[in-house]
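Open your viewer, switch to a cartoon view and keep the selection box handy. We will go from stop to stop, and at each one you will hear what to pick and what to look for.

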Amino acid sequence: MDRVRDLASKKAAVIFTKSSCCMCYSIKTLFYELGASPAIHELDHDPSGRDMEWALRGLGCDPSVPAVFIGGRFVGSAKDVISLHVDGSLKQMLIDAKAIWF
């Protein structure tokens with residue numbers, strides 16, 4: 001859990017993913033299209049990936065990826081991020097966290 005929190009706090013936007021996950025790809029693409037450059041941590045390429053995946057599940061992320069943090073705060077998984085994007089609040093969250101500038 002400490003490693004997840006440490007990585008999540010190092011950049012304004014952080015996404016924990018797996019390289020074979022299509023929803024992870026979609027969320028990363030959404031962030032790039034909004035102008036953000038999130039830190040990406042692919043759990044299937046990290047030696048501590050399995051432990052981080054369990055930690056993410058402990059935070060309530062089910063499925064465990066994608067897991068999105070903005071401003072060091074856990075935002076949620078793909079459905080949560082898409083909901084925030086649809087209601088217009090995702091962009092403002094990214095601006096507030098200084099992940100994007102306008």
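Begin by selecting strand 1, helix 2 (residues 22-33) and strand 2: together they make a right-handed β-α-β unit. Keep in mind as you look around that this is a predicted model.

**Stop 1: strand 1 and its partners**

Keep strand 1 highlighted and add strand 2 (residues 39-42). The two run parallel and are joined by four bridges. To see one cross-strand pair, click Val-14, which stands opposite Ala-39 in strand 2.

Now add strand 3 (residues 67-70). Strand 1 pairs with strand 3 too, this time in the antiparallel sense, again over four bridges. Pick Ala-13 here and look for Ile-70, its bridge partner in strand 3.

Is strand 1 mostly covered or mostly open? Colour by accessibility and you will find that five of its five residues are buried. In a regular strand, side chains alternate between the two faces of the sheet. Show the side chains of strand 1 to check both faces: Ala-13, Ile-15 and Thr-17 are buried on one side, and Val-14 and Phe-16 are buried on the other.

**Stop 2: Thr-17**

Select Thr-17, which lies in strand 1 (residues 13-17). Thr-17 counts as buried because its relative accessibility is 0%, and the cut-off for buried is under 20%. Which residues is Thr-17 in contact with, leaving aside neighbours within four places in sequence? They are Cys-24, Lys-28, Ile-40, His-41, Glu-42, Leu-43, Asp-44 and Val-65.

For a distance to try in the viewer, pick the C-alpha atoms of Thr-17 and Phe-69: they are separated by 12 Å, with these positions 52 residues apart along the chain.

**Stop 3: the whole sheet**

Show the four strands together. They form an open sheet in the order 2-1-3-4, with mixed pairing. Strand 2 and strand 4 (73-76) are at the edges with a single partner strand each, so one side of each has no neighbour in the sheet. Turn the view to follow the twist, which averages 25 degrees from one strand to the next.

At the strand 4 end, strand 3 and strand 4 pair in the antiparallel sense over three bridges. Click Phe-69 and find its bridge partner in strand 4, Phe-74. Next, add helix 5 (residues 89-96), which packs on the sheet and touches strand 1, strand 3 and strand 4. The direction of helix 5 makes about 50 degrees with that of strand 3.

**Stop 4: the nonpolar cores**

Show side chains for Phe-31, Val-68, Ile-70, Val-81, Leu-90 and Leu-94. Of the 19 residues in the largest nonpolar core, these touch the most other members. Strand 1, helix 2, strand 3, helix 4 (78-86) and helix 5 each supply at least two residues of this core.

Centre on Phe-31. Beyond residues up to four places away in sequence, Phe-31 touches Ala-13, Ile-15, Ala-36, Pro-38, Val-68, Ile-70, Val-81, Leu-90 and Leu-94.

For a last selection, take Leu-7, Ala-39, Leu-43 and Cys-61, which are among the 16 residues of a second, separate core.

Conventions. Residues are numbered from 1 along each chain as its sequence is written. This is a predicted model: local features need pLDDT of at least 70, side-chain atom pairs count only at pLDDT 80 or more; totals for chains, interfaces and linings use all residues. Side-chain values use heavy atoms; hydrogens and water are left out. Buried means under 20% relative accessible area, exposed over 50%, partly exposed in between (1.4 Å probe, protein chains only). Contact means heavy atoms within 4.5 Å. Two strands pair if DSSP finds at least two bridges between them. A crossover is right-handed if, with the strands pointing away from the viewer, the path from the first strand over the helix to the second runs clockwise. Axes are lines fitted to C-alpha atoms, for helices over the stretch in contact, and angles run from 0 to 180 degrees between N-to-C directions. A nonpolar core is a set of buried Ala, Val, Leu, Ile, Met, Phe, Trp, Tyr and Cys residues joined through side-chain atoms within 4.5 Å.
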